[in-house]
Amino acid sequence: MSVWNYVVTAHKPTNVTHSCVGNFTSPQELNLIIAKCTRIEIHLLTPHGLQPMLDVPIYGRIATLELFRPHGEPQDFLFIATERYKFCVLQWDAETSELITRAMGDVSDRIGRPTDNGQIGLIDPDCRLIGLHLYDGLFKVIPFDNKGQLKEAFNIRLEELQVLDIKFLYGCLKPTIVVLYQDNKDARHAKTYEIALKDKDFVEGPLSHTNLDNGAGILIPVPMPLGGVIIIGEETIVYCSVSAFKAIPIRPSITRAYGRVDADGSRYLLGDNAGLLHLLVITHERERVTGLKIEHLGETSVASTISYLDNAVVYIGSSYGDSQLIKLNLQPDAKGSYVEVLEKYVNLGPIVDFCVVDLERQGQGQVVTCSGAYKDGSLRIVRNGIGINEQASVELQGIKGLWSLRSSTNDPYDTFLVVSFINETRVLAMNMDDELEESEIEGFCAEAQTLFCQNAIHDQLVQVTANSVRLVSSTTRELLHEWNAPSGYSVNVATANASQVLLATGGGHLVYLEIGNGKLAEVKHVQLDYEISCLDINPSGENPNYSTLAAVGMWTDISVRIFSLPSLELLAKENLGGEIIPRSVLLCTFEGVSYLLCTLGDGHLLNFLLNLSTGELSNRKKVSLGTQPIMLRTFSSKDTTHVFAASDRPTVIYSSNKKLLYSNVNLKEVSHMCPFNSAAFPDSLAIAKEGELSIGTIDDIQKLHIRTIPLGEHARRICHQEQSRTFAICSLKNCQTSNEETEMHFVRLLDDQTFEFISTYPLDTYEYGCSIISCSFSDDNNAYYCVGTAYVLPEENEPSKGRILVFVVEDGKLQLIAEKETKGAVYSLNAFNGKLLAAINQKIQLYKWMLREDGSRELQAECGHHGHILALYVQTRGDFIVVGDLMKSISLLLYKHEEGAIEELARDYNANWMSAVEILDDDVFLGAENNYNLFTVRKNSDAATDEERGRLEVVGEYHLGEFVNRFRHGSLVMRLPDLEAGHIPTVIFGTINGVIGVVASLPHDQYVFLEKLQANLVKVIKGVGGLSHEQWRSFNNEKKTVDARNFLDGDLIESFLDLSRSRMDEIASSMGVPLEELCKRVEELTRLH
Amino acid sequence: MGSLLGDWPSYDPHNFSQLRPADPSAQPSKLTPATYHPTHNRTLPPPNQVISNEARNILLRHFYQKSEEKFRPKRAASDHLTSEHNCKQPRAAYADGAH
């Protein structure tokens, strides 16, 4: 039963909705603060660029973000208002690096019609009040008293009902707003009001302008000494103040964002919906405005917000494309553009559609999204885990170990690859043609398995075999010195660094050697109680060639011990517990923090904080990486050290913000790995796997990898076809022809490897692609692409005509095989029992695939089902059909084969306006609706009465805070049958803000456990700004607000791992669970995405 | 038009001075900030700074204002006039400021 669900974000929102600049973190520091719907990011301006400081989750969808400076304060405060009528004022406490809440509150009214054009929030430039326009006809005031404290909020009646923008004017004795509004004849005007705080009322203000540009949409108040306001229209820009009125015509465009450049307000950057950036200049003689000028600067992503930062660098926040950091140059480039893009920040929003495919056929899901809009439309390939790009491979069975060696200490590149087998050691070397060929190091013993080898100081090489340690010159390759194991003993395990060797023989003997010039010296020997299973002397202190600590893993008592070097004194001992022996230990340092990593034979990894001076181990944590023994090895990528854990589930261990993270490597099984950095294969890894040795480069070390395929047009639907190895998309392109803008719609075919357009089918004028699937029909083995369309005519409210087009891919071309006219928009298509199920306006229609006498095929209507407002989203399972309606929530239909009819079985009688549906299992269906909620409904087939059976019971409710456009079954991570997480079914969703999330259906006991953890976490992790988690996650629409149930907030639960040790302990003890187990269970959840 | 474009404001000349202008196809920025999870007690504001709406509905407030005016019909008229005069002054002041 998929009733107990866990919702977690795999990719955070990237749609930038607001940005502002000010001195937030210190009076001397300049910050850029950006809002990504439910999160804010605080950045610091530095000589090297924007430095991200903090990512702050907000329990609300941000409607207003403003920095302001209260009287007498040395630095700015941050005002945030949320769409659910909460607000808070935040202050940065530099001493503790915490956000402190100065004020907060709830300013929702019980009665009131929410504004159609969005909420407006504004702060008086003289800090006398905060103004909010939340409901039509009302202007809310939160006054400041003379000490800067906020007071009770009150409403003022605002006569204008269709408000487009409100701003405060500068330099007014009394706080004065300018209101841009539309009257009931659709004409636009601006007028001003003074706010009489004592009377709680408006008084007519100094300015008013009637009959503005029909597209007037943005007000820009101009600071003193000029004062007044700029009104941005689609064809004109006007400036007006009490003393001046200036207007200029502009090339028709819709301005979406502006950013003030100069403090005196004489220049502004304007961004339009084609991504063009203009500079608007108020020319003036002293304080007298003489005119307006506009200058085209260049092109950026379509801006939703523009913030001038410093020294000609500007931040462009975008909802439709990647956000950018740009520089305004004094001279134009070859294309006449003054804009230079310095950096890009990935934005997946809006994710309109996506599909989950396994392109590499490795059992690893990838999400391919239709992202962005207009010219910034793109496909994004989102993949979890770290990819290895294989450069070369050779078949080699039975590899027992791998090491790379340089031919001299100072050589930047590796020359040799030493491959060890059970009875021999082979050496591969790069030849002059940059090919890997069999070679020889004369001084090495080739007839035995190598246990370890290493480049040593003084241009020497070290090889350890069962019988001896050999010191070899790397220039002459001749044996210089040899240390032999005492007779009757053989070396079992060994390790070395550039100047030290540590080995263990049977009987628990631990021997420590130091490497001199041409000489190996046995320095110390101790006998331990038990046999030694693994050891490490990787230098993690200051000297890269010498370690003062040794880590040793033991049989029998299952412990790991830290010894000092050279004295081999025991410094610390940690019992690992259980019966599984440690198989690999590693001393390493990430981001200045030293760790001891230790893996067990059953695929678990333990990590400890290591005190380098005392050898003490603390903060033990355990995670499960796989099921087989793990071999640990360090490697470097982009000058940072990471650890590769070779096992049945290869993993890279790395550190971000001083927290250890585990990222899957997209390979099935790796037994050994070593870094191999040769001239021909720079920065590569040599990997031994399943009878094969391969050399490949590794992706950047991060959890999610995103590849962008810019389309230059807006992709709206996507699907993949395995048989033809293609993607098909429905897309639209805005075309500028002379002075008219037109839309053209296409069905395009893309190669699934290169993502190039290989074929295009243009749709008719006014014809939109609404749905696309790849399917086969009964009695026909071909794979087809079916496309549903609608003719969207300007004079029609709802489309009354559409088509279903059936294509086959032949020679890489889309061939139209059949087409069927429909009586409306084909919102959804599904392969259904070898037939085609279409949702056409208010009807569900089933088509058969019929063979005509002449051998051609056609779609023939079989049966249908009426009774929807608009059937927008359809999913099927067996004979069941789940319909998500425009405004009538979810209904369940059944196709009856014998009768050839579709009947309604049950429906949810709530009035949810749906945005996506998915079937979780036979009985439970998942829905997303347009107030950003998720809910689940259950079929009641066992109920006693017809009435009950006909009702889908709402079993889960949750406020996601994101608008979901699509659910798809699938997983971003490689599924391993042995792992517990492998059994948890998951659904992926994509949202307007560019969020990719996962809904995981948990077993009941796990749900109960995590629900308890969540309840404990809510007490410890506070909502920023005092906002409540419970209220944030409560299901909320116009009709009701109820507590979340049967959904868990995975983002909150996984933030457990970010807590300090003491907080974790606190929670573990209040839950009555050992901390190690709690960490492990949460860590496992993080591997769901 | 060069004059319009020059002289960009500079608050700290060091900012961005060492940012290498990468080519436009530059790799997207990958720096990820730490996620903030406050555990301190100052996420709650001082008690007097938990703001709510005034209890009296705007309509009721309007009625009460009206009824008060009714109780003092004549004197209120002169009050009203002076208050209107007061209103005009800021406008003049505003106009002054604009010159």
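These exercises work through parts of a predicted model.

**Exercise 1. Which strands of the sheet β54-β55-β56-β57 in chain A stand at the edges, and why is one side of each left without a neighbour?**

Step 1. Read the order. The open sheet has four strands, β54-β55-β56-β57 of chain A, with antiparallel pairing.

Step 2. Find the edges. β54 (631-637) and β57 (659-664) of chain A each have a single partner strand, so one side of each lacks a neighbour in the sheet.

Step 3. Add the twist. From one strand to the next, it averages 30 degrees.

Step 4. Look at one pair. β55 (residues 640-646) and β56 (residues 651-656) of chain A pair in the antiparallel sense over three bridges. V643(A) has I653(A), in β56(A), as its bridge partner.

**Exercise 2. Check the span of helix α6 (residues 1075-1086) of chain A.**

Step 1. Take the 12 residues at 1.5 Å a residue; α6 of chain A should span 16 Å.

Step 2. Compare. The end C-alpha atoms of α6 are 17 Å apart, which agrees.

**Exercise 3. Where do the buried residues of α6(A) lie around the axis?**

Step 1. List them. Buried means under 20% relative accessible area. The buried residues are L1075(A), L1078(A), C1079(A), V1082(A), E1083(A), L1085(A) and T1086(A).

Step 2. Place them. They cover an arc of only 155 degrees, so they lie on the same side of α6(A).

Step 3. Name what they pack against. Among the elements of chain A are β1 (5-11), β53 (617-624), β57 and α2 (1004-1020).

**Exercise 4. What pattern does chain B follow along the sequence?**

Step 1. Count the elements: chain B has three helices and two strands.

Step 2. Read along the sequence: α-β-β-α-α.

Step 3. Add burial. Of the 99 residues in chain B, 27% are buried.

How values were computed
Residues numbered from 1 in each chain as written. Chains lettered and ligands numbered in written order. Predicted model: local features only at pLDDT ≥ 70, side-chain atom pairs only at ≥ 80, totals over all residues. Heavy atoms only, no water. Pairing = 2+ DSSP bridges. Axes fitted to C-alpha atoms, helices over the stretch in contact; angles between N-to-C directions. Expected span 1.5 Å × (residues − 1). Buried < 20%, exposed > 50% of the residue type's maximum accessible area, 1.4 Å probe, protein only. Arc of directions from axis to C-beta. Contact = heavy atoms within 4.5 Å.
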